[in-house]
Amino acid sequence: MRPATIIFVALSLLLITPVFTLFVSWGHLDPSLWQHLLNYTLLDVATNTLLLLILTATFACILGVGTAAVVTLTDFPARKLFHSLFLFPFVIPSYVLGFIYISAFDSSGLLQNYLRTFGIEIFINVRNIFILSIVFALALFPYVYLLCQQAFISQGRKMIECAKTLGHKPLGCFFLLSCQLPNLG
């Protein structure tokens, strides 16, 4: 065998060892542990996961569709700058954004310490599922933003202008043309 193949196999075995150990150890777990997890934690974990999924998807869609509509369908100064800024969360992973948020807004964070210098004592609970979903949505909304922006660009402003000539207001045009389900029949 070639030395490169030997090194590759050795590194592969080294990297797969923790996963293999995890699968082997599942057979040796105490059944009472599984029963405890089923009785006391599974429902809470499943509920929190579903709630986090729904809230994050809702916030990311609202933020992504709204920003894409504003940037694509309107003309305002610094529109290209905002387009670049809305893509910036791609650079920051969600767990880093979470650490930044906690270090800024937690009880020992920058905001609380700054307020304490003026004698203001406000407790803000930032460790909850609602805030977590907002942080995740801030990290994930650029995906929605890019998809919606391309949809708005391909749809073009001509359709919105046609709807305006037919008497629809700008917000009505947006909902009329952008939120219609395709005719599947």
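The legends below accompany close-up views of a predicted model.

**View 1. Surroundings of Asp106 in the loop between helices H4 and H5.** Helix H4 spans residues 94-105 and helix H5 spans residues 110-117, and Asp106 lies in the loop that links the two. The relative accessible area of Asp106 is 14%, so this residue is classed as buried. When neighbours within four places in sequence are set aside, the contacts of Asp106 are with Tyr101, Gln112, Val126 and Arg127.

**View 2. Nonpolar surface patch that includes Leu111.** Seven side chains are labelled in this view: Phe105, Leu111, Tyr114, Phe118, Ile120, Ile122 and Ile124. Together these residues make a nonpolar surface patch of about 620 Å². Leu111 belongs to helix H5. With a relative accessible area of 30%, Leu111 is partly exposed.

**View 3. Val65 of helix H2 and its contacts.** Val65 is located in helix H2, which comprises residues 31-73. Its relative accessibility is 24%, and Val65 therefore counts as partly exposed. Residues up to four places away in sequence being left out, Val65 touches Val144, Cys148, Phe152 and Phe174. The view also shows Gln149, which is separated from Val65 by 84 residues in sequence; the C-alpha atoms of Val65 and Gln149 are 8.0 Å apart.

**View 4. The cysteines Cys61 and Cys148.** The structure contains 0 disulfides. Cys61 takes part in no disulfide, and the nearest cysteine sulfur to its own, at 7.4 Å, is that of Cys148. Why is the sulfur of Cys148 not in a bond with the closest cysteine sulfur, in Cys61? The distance of 7.4 Å between these sulfur atoms is too far for a bond, because a disulfide requires cysteine sulfur atoms within 2.5 Å. Cys61 has a relative accessibility of 40% and counts as partly exposed, whereas Cys148, with a relative accessible area of 16%, is buried. Cys148 is also among the residues touched by Val65, the helix H2 residue of the preceding view.

**View 5. Ile153 and Val135, with Ile153 placed in helix H6.** Helix H6 covers residues 129-155, and Ile153 is found within this helix. The relative accessibility of Ile153 is 47%, so Ile153 counts as partly exposed. Val135 is 18 residues from Ile153 in sequence, and the C-alpha atoms of Ile153 and Val135 are 28 Å apart in space.

How values were computed: Residues are numbered from 1 along each chain as its sequence is written. This is a predicted model: local features need pLDDT of at least 70, side-chain atom pairs count only at pLDDT 80 or more; totals for chains, interfaces and linings use all residues. Side-chain values use heavy atoms; hydrogens and water are left out. Helices (H or I, at least four residues) and strands (E, at least two) are DSSP runs, numbered from the N terminus. Buried means under 20% relative accessible area, exposed over 50%, partly exposed in between (1.4 Å probe, protein chains only). Contact means heavy atoms within 4.5 Å. Patches are made of residues with over 30% relative accessible area and no salt bridge: like charges are joined within 9 Å, nonpolar side chains (Val, Leu, Ile, Met, Phe, Trp, Tyr) within 5 Å. Accessible areas come from the Shrake-Rupley method with a 1.4 Å probe; for residues, only the protein chains shown count as cover. A salt bridge is a side-chain nitrogen of Lys or Arg within 4 Å of a carboxyl oxygen of Asp or Glu.
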